[in-house]
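Work through the exercises below with the sequence and the model in view. Try each task before reading its solution.

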Amino acid sequence: MRVSEIFEAKKSKGKPILSFEIFPPKKEEALKNIDATLERLCDLHPDFISVTFGAGGSTADNRTVEIAKKIKNNYGVEPIVHLTCLHYGKEEINEILTQLKEAEIENILALRGDVNPNVPMKHDFKYANELVEFIKSQGDFHISGACYPETHLEAVDAITDIHNLKKKVDAGASHLISQLFFDNEAFYRFYEKTRIAGINVPVEAGIMPVTNKAQIERMVNTCGASLPRKFERILHKYEENKEALFDAGMAYAINQIVDLIANDVEGIHIFTMNNPKVAGRICDGIKNLI
């Protein structure tokens, strides 16, 4: 099922989308145990699960596609495959698209991807909108895109960032998933700007639950999300108490989601970090809202 059809079905029920993100484990042993993770996540009944995509490596040995096939065929949940282009040429991208067609996977999250200093960049694609255009030319895929509520770190300014996002949607992206954020007001301001700019596709709010301080600091440095004072107080107070920080982090994420749903957000996308306990705690906290 295409993501746009899932949105229509949930909209008719007056409910927002709930989706998860997972990543292919790098270690072989963890990869062998991915079924246990997938089973527990799929038991929570997400509307879809997105699978991240690494920069570089052989397209013939693509764990992303293999895991997406498991999600679809073994667990009956729709997958979205992340596809990055900064380190891949058109021929390599087309090879992956062929794999997706053969697996009857029709949903793709088209991304530029982050620079990996250990992998040479290719020059067929410079921006995500170029990848969206190419995917559109190669088959009947449903294409999603990423967005940044607090502006992409490499953008000249917020206006330019919205302008570039409009290019991505005009190229064929029919759904957007936001980068993580901890301040809902930042998301609401961003959402209003998208509508003013004529971006009328569904926008899912990306939520990163806190499990440890180092993880959050690393992610914030990567994506530029701001930390509200109340969130900083949680990190400071519980940074030496792993269990307390986990509980406080889950409570903060659940409160974020409750507020987002109360303000009619179109979808919630949880960055699970492959941790079913995180997803389970959040789903239990919002089970009557979704």
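## Exercise 1: A pair and its exposure

Lys287 and Asp284 form a salt bridge, with their closest N and O atoms 3.6 Å apart. A salt bridge here is a side-chain nitrogen of Lys or Arg within 4 Å of a carboxyl oxygen of Asp or Glu. The model is predicted, with local features needing pLDDT of at least 70 and side-chain atom pairs counting only at pLDDT 80 or more, while totals for chains, interfaces and linings use all residues. Residues are numbered from 1 along each chain as its sequence is written, and side-chain values use heavy atoms, with hydrogens and water left out.

Task: Is Lys287 buried or exposed?

Solution. Step one is the scale: buried means under 20% relative accessible area, exposed over 50%, and partly exposed in between (1.4 Å probe, protein chains only). Step two is the value: Lys287 has a relative accessible area of 55%, so Lys287 is exposed.

## Exercise 2: Two more salt bridges

Task: Find where the partners of the Glu66–Lys69 salt bridge lie, then do likewise for Lys122 and Glu92.

Solution. Start with the general point: side chains of opposite charge can pair when their charged atoms come close.

- Glu66 and Lys69 meet through their side chains at 3.4 Å, N to O. Both residues lie in helix α4 (residues 63-75), three residues apart, which is about one turn of the helix. Glu66 is partly exposed at 43%, and Lys69 is partly exposed at 28%.
- Lys122 and Glu92 have their closest N and O atoms 2.8 Å apart. Lys122 lies in the loop between β4 (107-111) and α6, and Glu92 in helix α5, so this pair ties together parts 30 residues apart in sequence. Lys122 is partly exposed at 32%, as is Glu92 at 23%.

Helices (H or I, at least four residues) and strands (E, at least two) are DSSP runs, numbered from the N terminus.

## Exercise 3: Two helices

Task: Describe how α5 and α6 cross and which residues meet.

Solution. First, the axes of α5 (residues 90-102) and α6 (residues 128-138) come within 11 Å and cross at roughly 50°. That makes α5 oblique to α6; angles under 35 degrees count as roughly parallel, over 145 as roughly antiparallel, 65 to 115 as roughly perpendicular and the rest as oblique.

Next, take the contacts (heavy atoms within 4.5 Å). Lys90, Ile93, Asn94, Leu97 and Lys101 of α5 meet Leu131, Phe134, Ile135 and Gln138 of α6.

Key: Axes are lines fitted to C-alpha atoms, for helices over the stretch in contact, and angles run from 0 to 180 degrees between N-to-C directions.
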